Amino acid sequence: MSRVSKYKILSQAKESFTRAEYKSALSKFAEVLQNYPNSKEAFNGVILSEMALSGEDGAEALFDYYEVLKEEDKEQADIVMSEILESMDGSLERLSEVFSEPLRERLEFEDGILYSDFKHLIEENGNFKEVFENIMFSTRVIITKKEDFIDFLDKLIANGFSEMALTYLENALSIYPTEKVLRTLLKKLIKGDSVEN
């Protein structure tokens, strides 16, 4: 494998990861690693692809963080990401614990409820507005998945919690300004008469 193809394949691997084609990303990162065993970028890519393939919620966020770090200082980014992944023992089981531990602590210390439990309460009661009003001042709804966040925003808008939904959306769009689903929700919210400037 020539130097040129190494960088070309790394570039293809990153594109695959970005498009959520994790299997393809994994095989490309692995191909580079096989020919360049000391490539930290390929090693980190393999681990992140494995995480994403096994459904780890944090994989995409870590990948994005890694890309941002690389723009500032490539060599330092490789070291920082390797340290993060090594501190997790490189094991997906350990990784799962690391991601879920802060969540458990937040649930205990913040009187929180996971979104899946919140949805279960709605299914039992059949009324989003009533369940949400009963818990909104005493309990935090803790959301860990993008789909759940979007579902939550959609339900807030549909049930007349427009100002609250707008606050969440503004915060989310400041972090993910190009996220199409968030922009669609914002347009839906703006079209509603209940939204004030």
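Me: A charge sits over a ring if NZ of Lys or CZ of Arg is within 6 Å of the ring centre and within 35 degrees of the ring normal. What makes Lys-6 fit that with the ring of Tyr-36?

Reply: The charged end of Lys-6 is 4.6 Å from the centre of the Tyr-36 ring and sits over it, and the distance limit is 6 Å. Lys-70 does likewise with Tyr-66, its charged end sitting over the ring at 4.2 Å from the centre. Bear in mind that this is a predicted model, where local features need pLDDT of at least 70, side-chain atom pairs count only at pLDDT 80 or more, and totals for chains, interfaces and linings use all residues. Residues are numbered from 1 along each chain as its sequence is written, and side-chain values use heavy atoms, with hydrogens and water left out.

Me: What does the overall fold look like, in helices and strands?

Reply: The protein chain has 11 helices and two strands (DSSP runs numbered from the N terminus: H or I of at least four residues for helices, E of at least two for strands). Along the sequence that reads α-α-α-α-α-α-β-α-α-β-α-α-α.

Me: On to the aromatics. How many pairs turn up in the whole structure?

Reply: The search finds 12 aromatic pairs. Rings of Phe, Tyr and Trp (its six-membered ring) pair if their centres lie within 6.5 Å; planes under 30 degrees apart count as stacked, over 60 as edge-to-face and the rest as tilted.

Me: Why is the pair of Phe-128 and Phe-152 called tilted?

Reply: The ring centres are 6.4 Å apart and the planes stand at 55°, so the pair is tilted. Phe-128 belongs to helix α8 (residues 128–135) and Phe-152 to helix α9 (residues 146–158), so this pair links distant parts of the chain, 24 residues apart.

Me: And why is Phe-132 with Phe-152 called edge-to-face?

Reply: Their planes are 70° apart, with 5.7 Å centre to centre, and an angle over 60 degrees earns that name. Phe-132 is in helix α8 and Phe-152 in helix α9, so this pair ties together parts 20 residues apart in sequence. Both residues also join a cluster that holds Tyr-115, Phe-118, Phe-128, Phe-132, Phe-152 and Phe-161.

Me: How do you know that Phe-128 is buried?

Reply: Its relative accessible area is 6%, and buried means under 20%, with exposed over 50% and partly exposed in between (1.4 Å probe, protein chains only). Phe-152 comes in at 2%, so Phe-152 is buried too.

Me: What about Asp-151, then: buried, exposed or partly exposed?

Reply: Partly exposed, because its relative accessible area is 23%. Asp-151 sits in α9, as does Asp-148, but at 15% Asp-148 counts as buried.

Me: What makes Tyr-115 a contact of Asp-151?

Reply: Contact means heavy atoms within 4.5 Å. Past its neighbours within four places in sequence, Asp-151 is in contact with Tyr-115 and Lys-119. The C-alpha atoms of Asp-151 and Tyr-115 are 9.9 Å apart, and the two residues are 36 apart in sequence.

Me: And why do you call their side-chain link polar?

Reply: It's a 2.7 Å contact between the two side chains. A polar contact is a pair of N or O atoms within 3.5 Å; within protein, one must be able to donate a hydrogen and the other to accept it, and residues adjacent in sequence count only if both atoms are side-chain atoms. Asp-148 touches Tyr-115 as well, along with Lys-119 and Ile-143, not counting residues up to four places away.

Me: How do you know that the length of α9 agrees with what's expected?

Reply: The expected span is 1.5 Å times one less than the number of residues. For the 13 residues of α9 this gives 18 Å, and the end C-alpha atoms are 18 Å apart, so the two agree.

Me: Why say that the buried residues of α11 line one face?

Reply: The buried ones are Leu-182, Leu-185, Leu-186 and Leu-189. Seen down the axis they fall within an arc of 105°, so they line one face (the arc is that of the directions from the helix axis to the C-beta atoms). An α-helix has 3.6 residues a turn, so residues three or four places apart point the same way. On the face turned away from the buried side sit exposed Lys-180, Thr-184, Lys-187 and Lys-191.
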